[in-house]
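Here is a short note to help you find your way around this chain. Have the viewer open, and take the points in any order you like.

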Amino acid sequence: MKTSDFYFDLPEDLIAQHPAKVRGQDKLMHLDPNTGSVEHFMMENLPDLITPDTLMVFNNSRVRRARVYGIKETTGRETEFMFLNSIDKECCIWNTMVKSAKKQKPGMNYKFPDGTVGQIIDIPGNAGTEFRAMKFDFAIDEDWFERNGHIPLPPYIKREDTEADSERYQNVYAKETGSAACPTAGLHFTDEMLKRLDEKGIDRCFVTLHVGLGTFLPVREEEIENHKMHEEYYTVPVETAEKINKAKKEDRPILAVGTTSVRTLESVGQRIIASGKKPGDNGEWVIPGTSSTSIFMYPGYKFNVVDQMFTNFHTPESTLIMLVSAFAGKENIMNAYKQAVENRYRFFSYGDCMLIK
């Protein structure tokens with residue numbers, strides 16, 4: 001299957017540069033994956049489109065201020081680093097994604113805004129990639145990111161982050177800090193919307209998947225089967241596993257909010273398969289615990305846990321449009337995206353949303 005099969009024309013002015021003036025006032029497309037039919041709503045209509053027996057699964061990861069600018073000690077030039085995850089228990093060494101990576105070599109020192117200094121070190125696998133390991137003489141914590149970092153808006157948002165982004169590029173239910181990008185499907189939900197879902201009797205639970213940039217890196221391979229995903233770390237709490245397994249036993253639909261929730265649930269399903277069982281054996285579709293995943297879903301993938309999906313509109317030729325194409329059918333997705341363009345939907349992180357059920 002070719003990467004170019006997932007290309008579509010997108011006018012630049014439909015790439016949302018700012019969120020809606022009021023959180024939750026977004027367009028909502030409903031796509032039926034069985035028929036390919038499309039209906040147009042607003043986000044406020046969502047509770048009317050979901051049956052009360054549905055279990056919604058949200059990703060409660062919170063975005064850290066992961067974009068940090070360092071000054072190279074030898075030249076005084078500023079370099080942008082995206083801090084992804086700690087790669088040692090003491091949190092003194094971090095995996096980063098860096099601009100002009102070829103110029104950032106092991107042994108180079110960088111001074112950050114609060115005066116701390118980090119050094120690039122050599123680790124296996126980083127040579128020839130956008131990634132560099134940064135070592136400090138002390139543990140880096142969330143206070144350090146608050147002092148030194150910026151909200152990591154994606155590169156297709158062509159502006160600097162503002163104080164408003166500190167609140168708007170964060171889900172209202174976000175709890176566990178660790179993401180380098182927001183699980184943006186959740187941006188459409190307000191406290192009022194969650195209350196309305198409660199009033200209708202729609203249950204919910206949470207997983208945590210800390211979003212790295214591997215999900216958003218371009219697919220550079222001509223054939224998508226050759227693309228390799230980077231690892232992301234997730235946790236499925238015991239209470240969440242119990243709720244999902246109970247719902248599946250009762251034949252109630254699992255609605256994953258966002259592709260990160262989908263990746264988490266399907267990764268756990270794949271762990272069960274890898275153990276020699278089938279999802280549903282012994283009443284278990286998911287198991288609790290913490291692990292990592294590099295799952296890559298594209299047309300032909302069989303979904304084992306997720307029945308319905310709530311998601312944003314994704315970039316052409318990305319792993320995310322391949323994921324939703326696997327779920328709803330490539331032809332259905334391409335047709336829906338064509339209609340989204342014709343109806344002036346806003347695309348990507350701060351854009352509009354889609355319910356697939």
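Is E284 buried, exposed or partly exposed? Please keep in mind while looking that this is a predicted model.

1. E284 counts as partly exposed, because its relative accessibility is 31%, and the band for that class runs between 20% and 50%. You will find E284 in the loop between α6 (259-274) and β16 (289-293). Setting aside neighbours within four places in sequence, E284 is in contact with N245, I272, K278 and P279. If you would like a distance to try in the viewer, take D307: it is 23 residues from E284 along the chain, and the two C-alpha atoms are separated by 16 Å.

2. Next, the charged pairs. Side chains of opposite charge can pair when their charged atoms come close. How many salt bridges does the structure hold? The count is 17. One of them joins D13 to R344, with 2.7 Å between the closest N and O atoms. This pair links distant parts of the chain, 331 residues apart: D13 sits in the segment before β1 (27-31), and R344 in the loop between α8 (330-342) and β18 (353-356). D13 is exposed, because its relative accessibility is 53% and the class begins over 50%. R344 is partly exposed, since its relative accessible area is 45%.

3. R344 deserves a second look for its backbone. Although R344 is not a glycine, its phi is positive, at about 60°. The same description fits E317, which is not a glycine either and has a positive phi of about 60°. E317 belongs to the loop between β17 (308-312) and α7. At 28% relative accessibility, E317 is counted as partly exposed.

4. A second salt bridge to visit is the one between K99 and E80, where N and O are 3.7 Å apart. Here too the pair links distant parts of the chain, with the two positions 19 residues apart: K99 is in the loop between β7 (93-98) and β8 (109-111), while E80 is in strand β6 (residues 78-86). Which of these partners is buried? That is E80, because its relative accessible area is 15%, and buried means under 20%. K99, by contrast, is exposed, with a relative accessible area of 52%.

5. D165 and R159 also form a salt bridge, and their closest N and O atoms are 2.8 Å apart. D165 is buried, at 2% relative accessibility. Elsewhere, salt bridges that share partners join K2, E222 and E223 into one network.

6. Now turn to a pair of helices. Helix α7 (residues 319-328) packs with α8 at an angle of about 120°, and their axes are 7 Å apart. That angle makes α7 oblique to α8, because the roughly perpendicular range stops at 115 degrees and roughly antiparallel starts over 145. From α7, the residues I321, V324, S325 and A328 take part, and they meet K330, N332, I333, M334 and Y337 of α8. Sorted by class, this contact has six nonpolar, two polar and one charged residues.

7. What does the side chain of N171 reach? A polar atom of that side chain lies 3.1 Å from the backbone oxygen of P183. N171 is placed in the loop between α3 (163-168) and β12 (176-179). Even in a loop, N171 is buried, with a relative accessible area of 3%. Leaving out neighbours within four places in sequence, N171 is in contact with R23, N59, C182, P183, G186 and L187.

8. Strand β12 holds the last residue on this tour, E176. E176 counts as partly exposed, at 35% relative accessibility. Not counting residues up to four places away in sequence, E176 touches N60, S61, R62, T208 and H210. For one more distance to check, E176 and V207 are 31 residues apart in sequence, and 9.9 Å lies between their C-alpha atoms.

Key: Residues numbered from 1 in each chain as written. Predicted model: local features only at pLDDT ≥ 70, side-chain atom pairs only at ≥ 80, totals over all residues. Heavy atoms only, no water. Salt bridge = Lys/Arg side-chain N within 4 Å of Asp/Glu carboxyl O. Helix = DSSP H or I, 4+ residues; strand = E, 2+ residues; numbered from the N terminus. Buried < 20%, exposed > 50% of the residue type's maximum accessible area, 1.4 Å probe, protein only. Axes fitted to C-alpha atoms, helices over the stretch in contact; angles between N-to-C directions. Parallel < 35°, antiparallel > 145°, perpendicular 65-115°, else oblique. Contact = heavy atoms within 4.5 Å. Nonpolar A, V, L, I, M, F, W, Y, C, P; charged D, E, K, R; others polar. Polar contact = N/O pair within 3.5 Å; in protein donor to acceptor, adjacent residues only side chain to side chain.
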